[in-house]
Amino acid sequence: MICGEAGVGKSRLAASILEDTSQQERATLRYFCSPYRQGSPLHPCIQQLEHAAGFARDDTQEAKLAKLEATLAAAPEQDVALIAELLNIPTGSRFAVPAFSPQTKRQRTMLALIGELERLAQQMPTLMVFEDAQWSDETSRELLALAVSRLARLPVLLLVLARPEFRPDWITRAHVSCISLAPLTPEVSAALVHVVAKHRPLSPRVVADIVARTDGIPLFLEEVTQAIVESRDGRGAMGPGSGQDTALPLSLQASLLSRLDRLGRAREIAEIAAAIGRDFSSDLLALVVERTDDLQALLDRLVGSGLVLRRDGRKSEYTFKHAL
């Protein structure tokens with residue numbers, strides 16, 4: 001479990017682990033929790049299953065069922081039926097499922113999901129990343145606890161990323177390690193500022209101001225530094241020893257807004273995408289924007305700015321770097 005305040009580097013650490021192990025044969029399962037989905041039971045699992053099965057927006061229910069069956073090829077028929085129902089895919093007369101009570105069906109569905117994890121782990125080492133656990137729904141937390149209890153005997157590394165308020169009972173188990181990420185020291189913060197600024201040197205006074213304002217939070221350090229580097233107002237203070245002052249954004253929101261202001265029409269695309277959600281697809285975006293001839297170029301500009309990231313290397317799937 002990796003815990004820390006927002007912006008301290010939990011997702012960056014997980015991304016580094018994913019990158020460092022990318023050349024090894026492994027299965028990867030990623031789960032994303034959202035404050036807007038806390039009332040949707042098992043939404044992170046539903047999203048991961050849809051991604052694993054390769055569902056497309058225009059797939060028919062029959063096509064989705066066929067893809068799900070292919071993904072769960074080694075699972076018992078009852079498990080496939082329960083998971084299909086979880087994904088709201090009708091199975092018709094294909095599978096016979098006993099008439100369970102709601103509570104029994106809930107338990108059997110969670111066991112079916114755990115069974116699929118165990119079968120996958122028996123085939124190859126598995127890396128699981130469960131992000132923003134503090135926003136998980138109650139059923140997902142119960143499933144996560146069940147998974148943790150099974151992992152001691154499986155070749156699985158589970159990374160649970162959460163803010164400090166998420167304190168599950170299972171963190172005291174012998175096979176669980178808890179890593180708490182603290183803010184960066186002033187010395188490391190200043191070094192990060194110089195790394196982000198690259199060949200655009202900032203005056204010592206500006207660096208000191210950035211470090212003082214950002215409280216050692218890496219994300220804030222990166223965003224504020226980038227805003228200063230990109231800002232015309234800051235160019236006068238770029239050179240070492242400059243006596244000119246630089247207007248620093250007072251908050252992460254101000255920093256993000258100042259960067260958006262310099263993106264031209266790409267800002268409009270960012271605003272529409274933000275209305276869709278933190279995660280969005282270019283296909284859905286294309287249905288909403290008025291003109292699409294330069295949509296990909298504008299998305300590339302957002303990615304180049306660092307405000308938006310491509311998800312899992314998929315060209316059409318994007319996510320905002322920060323929930324704000």
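Both faces of strand β3 are covered in this predicted model, with Thr126, Met128 and Phe130 buried on one side and Leu127, Val129 and Glu131 buried on the other. The strand is accordingly described as mostly covered, six of its six residues being buried. The two groups of residues fit a general pattern, since in a regular strand the side chains alternate between the two faces of the sheet.

The strand belongs to an open sheet of five strands, arranged in the order β2-β3-β4-β1-β5 and paired in the parallel sense. Strands β2 and β5 (residues 179-180) stand at the edges of this sheet, and because each has a single partner strand, one side of each is left without a neighbour in the sheet. Between β2 and β3, the parallel pairing extends over six bridges; Ala27 has Thr126 of β3 as its bridge partner, and Phe32 stands opposite Glu131 in β3. On the side of β4, five bridges join that strand to β3, again with the two strands running parallel, and the bridge partner of Phe130 in β4 is Val160. The chain passes from β3 through helix α6 to β4, and the resulting β-α-β crossover is right-handed.

Helix α6 (residues 138-151), which provides this connection, has the expected length: at 1.5 Å a residue its 14 residues should span 20 Å, and the C-alpha atoms at its ends are 20 Å apart, which agrees. The N-terminal end of α6 is capped by Asp137, a side-chain oxygen of which lies 3.1 Å from the backbone nitrogen of Thr139. Thr139 is itself among the buried residues of the helix, together with Ser140, Leu143, Leu144, Ala147, Val148 and Leu151. In general terms, an α-helix has 3.6 residues a turn, so residues three or four places apart point the same way. The elements that cover the buried residues of α6 include α2, α5, β3 and β4 (residues 156-162).

Helix α2 (residues 43-53) likewise contributes a set of buried residues, namely His43, Pro44, Cys45, Ile46, Gln48, Leu49 and Ala53. These residues pack against β2 and β3 as well as against the helices α3 (residues 61-71), α4 (residues 77-86), α5 (residues 102-123) and α6. Helix α2 is followed by Gly54, for which phi is positive and near 75°.

Aromatic side chains provide further links between separate parts of the chain, and a search of the whole structure finds four aromatic pairs. One of these pairs is formed by Tyr31 and Phe130, whose rings are 5.9 Å apart from centre to centre, with an angle of 35° between the planes, an arrangement that is tilted. Tyr31 lies in strand β2 (residues 27-32) and Phe130 in strand β3 (residues 126-131), so the pair ties together parts that are 99 residues apart in sequence. Both Tyr31 and Phe130 are buried. For Phe280 and Phe320, the ring centres are 5.5 Å apart and the planes lie at 45°, so this pair is also tilted. Here, too, distant parts of the chain are linked, with Phe280 in strand β6 (residues 279-281) and Phe320 in strand β8 (residues 317-320), 40 residues apart. Phe280 has a relative accessibility of 3% and counts as buried, and Phe320 is buried with a relative accessible area of 14%. Together with Tyr318, Phe280 and Phe320 form one aromatic cluster.

Two residues other than glycine were also noted for a positive phi, Asn88 and Asp215. For Asn88, phi is about 60°; the residue is placed in the loop between α4 and α5 and, at 62% relative accessibility, counts as exposed. For Asp215, phi is near 55°; this residue is placed in the loop between α8 (residues 204-214) and α9 (residues 218-230) and is exposed, with a relative accessible area of 58%. Ser16, found in helix α1 (residues 10-20), is partly exposed, its relative accessible area being 31%. The C-alpha atom of Ser16 is separated by 31 Å from that of Ala70, which is 54 residues away along the chain.

Definitions and conventions: Residues are numbered from 1 along each chain as its sequence is written. This is a predicted model: local features need pLDDT of at least 70, side-chain atom pairs count only at pLDDT 80 or more; totals for chains, interfaces and linings use all residues. Side-chain values use heavy atoms; hydrogens and water are left out. Rings of Phe, Tyr and Trp (its six-membered ring) pair if their centres lie within 6.5 Å; planes under 30 degrees apart count as stacked, over 60 as edge-to-face and the rest as tilted. Helices (H or I, at least four residues) and strands (E, at least two) are DSSP runs, numbered from the N terminus. Buried means under 20% relative accessible area, exposed over 50%, partly exposed in between (1.4 Å probe, protein chains only). Contact means heavy atoms within 4.5 Å. The expected span of a helix is 1.5 Å times one less than its number of residues. A polar contact is a pair of N or O atoms within 3.5 Å; within protein, one must be able to donate a hydrogen and the other to accept it, and residues adjacent in sequence count only if both atoms are side-chain atoms. Two strands pair if DSSP finds at least two bridges between them. A crossover is right-handed if, with the strands pointing away from the viewer, the path from the first strand over the helix to the second runs clockwise.
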